[in-house]
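Please look over the sequence and the structure below. The paragraphs that follow go through the burial of selected side chains, the ring pairs, the nonpolar core and one hairpin.

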Amino acid sequence: MRTFKKIQSFGAGLTGATGGKSNEAILFLNTSGGAANITVQSLNPQGNIERVGPFNLANNQSFIYPLFAYGWTGSAAGISAWQLF
């Protein structure tokens, strides 16, 4: 099991982004009151942004995206995300 030692906000609502390349995973939580979709932007080996998803989250469901993420977009205002280091 992986343990993360640091956490930092990675946006809330409909979007979040960072220019840094240091996170190891992203934790998402949906508290919007209904289902929501999340699309994550990661960098491919050539350094280009690739969109991964959408991932569907039920209300009060959390999800860890276990790779570096550059940014994300969501379909509901009740989504929170944190970078894990």
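Phe 28 has a relative accessible area of 0% and is therefore buried. The coordinates come from a predicted model. Phe 63 has a relative accessibility of 22%, so this residue counts as partly exposed, the cut-off for buried being under 20%. Phe 55 is also classed as partly exposed, because its relative accessibility is 24%.

These three residues take part in ring pairs. The structure holds four aromatic pairs. In the pair of Phe 28 and Phe 63, the ring centres are 6.5 Å apart and the planes stand at 15 degrees, so the arrangement is stacked; planes under 30 degrees apart count as such. Because Phe 28 sits in strand β3 and Phe 63 in strand β6 (residues 62-65), this pair ties together parts of the chain 35 residues apart in sequence. Phe 63 also pairs with Phe 55: here the centres are 4.9 Å apart and the planes at 35 degrees, so the pair is tilted. Taken together, ring pairs link Phe 28, Phe 55, Phe 63, Tyr 65 and Trp 72 into a cluster.

Two members of that cluster, Phe 28 and Trp 72, recur in the largest nonpolar core. This core has 13 residues, of which Ile 26, Phe 28, Ile 38 and Trp 72 touch the most other members. Strands β3 (25-30), β4 and β8 (79-84) each supply at least two of its residues, and β4 gives the most, with three. In soluble globular proteins, nonpolar side chains tend to be buried together. Ile 38 shows how one core residue is surrounded: leaving aside neighbours within four places in sequence, its contacts include Phe 28, Val 52, Phe 55, Leu 57, Trp 72 and Ile 79. Gly 53, Pro 54, Thr 73 and Gly 74 are also among the contacts of Ile 38.

The last part is the hairpin. Strand β4 (residues 36-43) runs antiparallel to strand β5 (residues 49-57), and seven bridges join them. One bridge partnership is that of Val 40 with Val 52 in β5. Five residues lie between the two strands, and in this hairpin Gly 47 takes a positive phi near 90 degrees. Asn 44 is found in the loop between β4 and β5. Is Asn 44 buried or exposed? Its relative accessible area is 17%, so Asn 44 is buried. The side chain of Asn 44 reaches the backbone nitrogen of Gln 46 at 3.0 Å.

Technical notes. Residues are numbered from 1 along each chain as its sequence is written. This is a predicted model: local features need pLDDT of at least 70, side-chain atom pairs count only at pLDDT 80 or more; totals for chains, interfaces and linings use all residues. Side-chain values use heavy atoms; hydrogens and water are left out. Two strands pair if DSSP finds at least two bridges between them. Helices (H or I, at least four residues) and strands (E, at least two) are DSSP runs, numbered from the N terminus. Buried means under 20% relative accessible area, exposed over 50%, partly exposed in between (1.4 Å probe, protein chains only). A polar contact is a pair of N or O atoms within 3.5 Å; within protein, one must be able to donate a hydrogen and the other to accept it, and residues adjacent in sequence count only if both atoms are side-chain atoms. A nonpolar core is a set of buried Ala, Val, Leu, Ile, Met, Phe, Trp, Tyr and Cys residues joined through side-chain atoms within 4.5 Å. Contact means heavy atoms within 4.5 Å. Rings of Phe, Tyr and Trp (its six-membered ring) pair if their centres lie within 6.5 Å; planes under 30 degrees apart count as stacked, over 60 as edge-to-face and the rest as tilted.
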